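Visitor: I would like to look at this model with you. Please give me the reasoning behind each label.

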Amino acid sequence: MPPPPPPPPQRPPTPSRAGRTNLFSAPPPPLSNRRYPQHRSLPPPPLPPRRRHHPKNHAEQPSQEQEPTDGTQRATTTSSNNNPAFRAAHLRTAYRKPVPPVAAAGEGEALLAADPADAASGRSVVVGPTGLSFRLPGAPFDFQFSYSEAPRAPPLAIREPAFLPFAPPTMPRPWTGKAPLLSKEEKARRRGVRLHTPLGQEPPQTVSAHGIMMEVRGRRQMDLAREVLGEPLTRDEVRELVKPHISHNRQLNIGRDGLTHNMLEMIHCHWRRQEICKVRCRGVPTVDMNNLCHHLEEKSGGKVIHRVGGVVFLYRGRHYDPRTRPRYPLMLWKPATPVYPKLIKEAPEGLTKEEADEMRRKGCNLPPICKLAKNGIYITLVKDVRDAFEANDLAKIDCEGLNPSDYKKIGAKLRDLVPCVLLSFDNEQILLYRGKEWKSRYSKPLTLIPKVSKNNPTMFFDVGGSGMHT
């Protein structure tokens with residue numbers, strides 16, 4: 001039997017335009033051999049079907065991949081998995097760490113620090129009656145994400161590790177440069193400041209070229225704010241300052257988070273170019289505008305000189321200098337909100353569970369006293385609820401279309417401001433009960449007398465619930 005013929009020759013590679021083979025192209029397929037089937041190229045093996053692993057069983061099934069035989073690569077993979085960056089908690093994890101009992105009971109503060117170096121330098125996370133705050137060395141007050149909208153209840157647990165949302169402190173480095181030349185005003189200011197005070201004498205007060213009162217020692221933040229504000233403004237001065245900014249859209253917008261920490265820097269940026277910072281408030285903070293104005297004045301050092309609805313005009317002061325203003329570090333991210341006690345209880349204070357359930361059933365057929373618009377102005381909401389309690393022991397507010405967190409914050413504010421008892425947030429409605437210790441604001445019961453028409457002079461209205469009679 002003769003030997004089989006040799007395999008057919010392969011097709012030579014096609015030369016490129018440059019006169020040489022293209023090294024980056026795939027080799028051509030072999031020529032088909034119909035005469036000798038044993039020399040035909042075999043078809044590629046079929047791909048195995050892809051298996052869909054269920055998320056529940058994915059962790060239980062062992063991995064089908066072959067482990068690497070090289071020990072170096074295995075050690076690298078193990079070390080990368082042990083990196084703490086891969087174990088950091090994020091928003092989708094169920095991280096929950098209870099706070100110390102002293103802070104949970106509202107009797108004191110608890111200092112938390114994830115890094116021992118931060119704890120040694122005085123950088124820590126503070127959990128106390130005012131919520132979650134951040135303490136830095138040398139800061140005039142504890143920083144918070146929101147100063148005006150922080151709940152008035154101590155938290156029960158935190159949802160992320162105790163990391164500070166600020167940039168880490170810079171590496172200490174010796175000064176090797178040359179100080180800039182001083183201006184005439186700076187030289188005059190430095191000549192007026194004494195580096196020490198003789199014993200038995202009070203620290204001197206000097207006035208710089210800008211009119212700022214300065215002390216060498218014993219300066220406090222409130223005293224500095226009074227010195228910067230100067231004498232109170234007259235009515236004519238307030239009118240001249242506010243009038244140009246009424247129609248301007250250069251303003252600071254405050255929403256559901258209220259006055260946040262980074263807004264302090266934005267206020268000073270407005271004050272750098274103009275004396276008035278126009279603040280436009282919408283949504284949840286407008287329920288208690290007095291609280292918002294208090295925090296604006298306390299944290300920024302300015303003065304609210306005019307307020308119309310949800311618009312506030314914040315004055316920087318007569319002796320304000322942008323070069324000597326306080327500078328605070330910016331928050332790089334929004335901290336996770338801690339876990340707070342539930343607002344709705346099965347048996348609220350002063351009621352049994354059966355009484356509360358009966359009031360909730362009665363509130364289903366109760367018409368709402370008003371409907372809140374999204375991002376609206378709720379300045380008169382507290383007064384409307386108090387007036388509604390004069391006629392009925394229950395009051396309901398329609399919050400259809402609002403964010404659930406918004407009307408829950410509104411309910412918590414009404415509970416403290418009216419005051420009242422929260423019963424339900426079902427069906428986007430806030431149901432309130434005036435409480436058993438409620439007292440009317442009027443010495444006589446309130447009666448509403450509508451306009452009487454000439455055709456029906458005997459019509460009157462009864463507030464007690466009997467309606468109109470003839």
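Guide: What follows is a set of short questions and answers on a predicted model.

Visitor: What makes up the protein chain, in helices and strands?

Guide: The protein chain has 12 helices and 17 strands. Of its 470 residues, 30% are buried. Take contacts between residues at least 6 apart in sequence: 66% of them join residues at least 24 apart.

Visitor: Start with two helices. Why are α11 and α12 called oblique to each other?

Guide: Helix α11 covers residues 381-391 and helix α12 covers residues 404-417. Their axes cross at roughly 60 degrees and come within 11 Å. Roughly perpendicular begins at 65 degrees, and roughly parallel needs an angle under 35. The pair fits neither class, and α11 and α12 are therefore oblique. The crossing is right-handed.

Visitor: Which residues of α11 and α12 meet?

Guide: From α11 come L381, V382, V385 and R386. From α12 come I410, L414 and L417. The residues of this contact divide into six nonpolar, no polar and one charged. Arg counts as charged, and R386 is in the contact.

Visitor: And α8 with α9: why are they called roughly perpendicular?

Guide: Helix α8 (residues 263-271) packs on helix α9 (residues 289-300) at about 75 degrees. The axes are 11 Å apart. The roughly perpendicular class runs from 65 to 115 degrees. The angle falls in that range, so α8 and α9 are roughly perpendicular to each other. L264, I267, H268 and W271 of α8 make the contact with L296, K299 and S300 of α9. These residues divide into four nonpolar, two polar and one charged.

Visitor: Back to α12. How do you know whether G411 is buried or exposed?

Guide: G411 lies in helix α12. Buried means under 20% relative accessible area. G411 has 0%, so G411 is buried. Leaving out residues up to four places away in sequence, G411 touches L422, F425 and I430. G411 and L432 are 21 residues apart in sequence and 8.4 Å apart in space, C-alpha to C-alpha.

Visitor: What makes K413 count as buried?

Guide: K413 is also in helix α12. The relative accessibility of K413 is 14%, and the cut-off is under 20%, so K413 counts as buried. With residues up to four places away in sequence left out, K413 touches S148, E149, V284, V287 and D288.

Visitor: On to strands. Why do β2 and β4 count as the edges of their sheet?

Guide: The sheet is open, with three strands in the order β2-β3-β4 and antiparallel pairing. β2 (110-112) and β4 (131-135) each have a single partner strand, so one side of each is left without a neighbour in the sheet. Neighbouring strands are turned by 30 degrees against each other on average, direction ignored.

Visitor: How do you know that β3 and β4 pair?

Guide: Pairing needs at least two bridges. Strand β3 (residues 124-128) and β4 have five, in the antiparallel sense. The pair meets the requirement. V125 stands opposite F134 in β4.

Visitor: What links β14 and β15?

Guide: Three bridges join β14 (residues 421-424) to β15 (residues 429-433), and the strands run antiparallel. S424 has L431 in β15 as its bridge partner. The two strands form a hairpin with four residues between them. N427 in the turn has a positive phi of about 55 degrees.

Visitor: Which strands are at the edges of the four-strand sheet, and what makes them edge strands?

Guide: The order in this open sheet is β8-β9-β11-β10, and the pairing is mixed. β8 (252-254) and β10 (303-308) each pair on one side only, and that makes them the edge strands. Neighbouring strands here are turned by 25 degrees against each other on average, direction ignored. β8 and β9 (residues 276-281) pair in the parallel sense over three bridges. I254 has C281 in β9 as its bridge partner.

Visitor: Which helices lie across strands of that sheet?

Guide: Helix α7 (residues 235-242) lies across β9, β10 and β11 (311-315), at about 70 degrees to β10. Helix α8 lies across β8, β9 and β11, at about 155 degrees to β8.

Technical notes. Residues numbered from 1 in each chain as written. Predicted model: local features only at pLDDT ≥ 70, side-chain atom pairs only at ≥ 80, totals over all residues. Heavy atoms only, no water. Axes fitted to C-alpha atoms, helices over the stretch in contact; angles between N-to-C directions. Parallel < 35°, antiparallel > 145°, perpendicular 65-115°, else oblique. Left-handed = near helix turned anticlockwise from the far one by under 90°. Contact = heavy atoms within 4.5 Å. Buried < 20%, exposed > 50% of the residue type's maximum accessible area, 1.4 Å probe, protein only.
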